[in-house]
Amino acid sequence: SLPVALVFLLVLLFVAGAGFKLHHKDCNSSVSRASEVSEDSVAMPRKLLRVAVHRTEAREPEKPSSGGSALPRGIVQATSDLEMVSMVGDPEQQGGSRPSKSLLAIPVGIKNKAAVDKLVSKFPADRFTVMLFHYDGAGEEQWGDLEWSRRAVHVSALGQTKWWFAKRFLHPDVVAAYDYVFLWDEDVEVDAFDPLRYLDIVKREGLEISQPALDRRSEIHHGITTRALLRPGAEGGGDVHRRFYKPAAGWGGGGCDDSSTGPPCAGWVEIMVPVFSRAAWRCSWGMVQNDLVHAWGLDYKLGHCAQGDRTLKVGVVDSEYVLHRGVPTLGGTEGKAAAFRVAVRRRSFAEMQIFNRRWKEAAADDASWTDPYP
């Protein structure tokens with residue numbers, strides 16, 4: 001019996017020693033916390049201990065390589081563009097210096113094809129890249145007979161708005177190559193509009209956010225967007241106006257005069273045909289809410305993205321103006337279409353209230369931020 005007892009004692013010492021070594025080893029690493037419940041863990045079977053350690057390690061975040069990044073800095077291209085690229089040839093020889101360009105992005109429906117054709121044709125191909133947001137499901141094949149369609153970027157998503165598309169496909173890093181972003185509605189006539197002259201005026205006047213004035217025959221929602229024919233201090237009009245004048249007794253309450261410093265009297269454009277500089281768009285894109293697809297209320301805050309004093313950096317260009325036809329694209333005017341249009345308008349108002357609430361909450365929560373326009 002003595003040899004048997006001796007063998008049994010040696011086996012016990014071996015198992016206990018193996019368990020102690022495992023426990024001691026794991027105490028030196030961060031994963032040991034999972035097994036340090038009590039000293040009874042010494043007796044934990046080795047198989048179970050390995051499983052516990054393995055599961056704990058799986059939850060550890062992956063550490064970056066030395067240098068702080070997974071990639072060498074020289075290989076990273078953080079920005080892009082929407083230019084077409086050939087599938088053949090030498091890419092380094094083809095990718096030489098390109099002329100300065102801007103981007104024209106428009107939500108379109110096939111019913112307004114003729115009007116969109118007329119609009120896009122006004123923008124020179126060598127100075128503008130065109131992007132169409134197809135909200136009715138009609139894609140490139142229905143637009144392919146137009147001369148400029150092959151060089152346009154087509155994106156289709158049924159029933160989505162201009163701002164839904166803009167948030168998802170006009171990220172500032174994607175459109176960083178373009179000097180200006182024209183984010184326009186489709187129901188605009190451009191007989192009196194020249195985009196190159198427009199940009200010349202915008203650059204000369206230092207406008208970061210702008211819009212062409214609306215012909216007085218347009219559907220007008222806000223007085224400041226109307227083309228100014230004659231205004232105080234500028235006989236015969238002028239190229240740009242930055243403020244709107246309205247008597248205090250006018251509709252809507254307070255008036256607009258030379259002392260007005262904010263929307264809709266000054267520092268304000270409508271979201272129908274806005275034009276953003278590269279820097280202004282980067283700021284404005286961040287303000288567009290992912291779930292608020294009509295962007296109501298956004299226009300009152302765009303001045304925060306004007307890269308300076310909004311009363312100087314935001315303006316309406318009178319000498320290059322457009323006619324807004326006011327065609328209801330998101331629903332028609334009869335039957336179910338009219339009811340849908342009412343539902344769209346109801347949601348638009350709700351979105352404006354939500355956006356204003358979010359703005360107030362964000363401003364209150366960010367102690368490091370000071371509102372320049374309280």
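## Disulfide links in a predicted model

At 31% relative accessibility, C283 counts as partly exposed, because that value lies between the 20% limit for buried and the 50% limit for exposed residues. The model is a predicted one. C283 is bonded to C305 through a disulfide whose sulfur atoms lie 2.0 Å apart. This pair joins distant parts of the chain: C283 belongs to helix α8 (residues 278–287), while C305 sits in the loop between α8 and α9 (310–313), with 22 residues separating the two. C305 has a relative accessible area of 2% and is therefore buried. The link of C283 and C305 is left-handed, with -65° about the S-S bond.

A search of the whole structure yields two disulfides. The other pair is formed by C256 and C265, with 1.9 Å between their sulfur atoms. The rotation about its S-S bond is -60°, and the link of C256 and C265 is left-handed. C256 counts as buried because its relative accessibility is 5%, and C265 is likewise buried, at a relative accessible area of 8%.

The geometry of the links is set out below.

| Pair | Sulfur–sulfur distance | Angle about the S-S bond |
|---|---|---|
| C256 and C265 | 1.9 Å | -60° |
| C283 and C305 | 2.0 Å | -65° |

When the bonded cysteines of the protein are numbered in sequence order, the pairing reads 1-2, 3-4. In general terms, a disulfide is a covalent bond between the sulfur atoms of two cysteines.

Note on methods
Residues numbered from 1 in each chain as written. Predicted model: local features only at pLDDT ≥ 70, side-chain atom pairs only at ≥ 80, totals over all residues. Heavy atoms only, no water. Disulfide = S-S within 2.5 Å. Buried < 20%, exposed > 50% of the residue type's maximum accessible area, 1.4 Å probe, protein only. Helix = DSSP H or I, 4+ residues; strand = E, 2+ residues; numbered from the N terminus.
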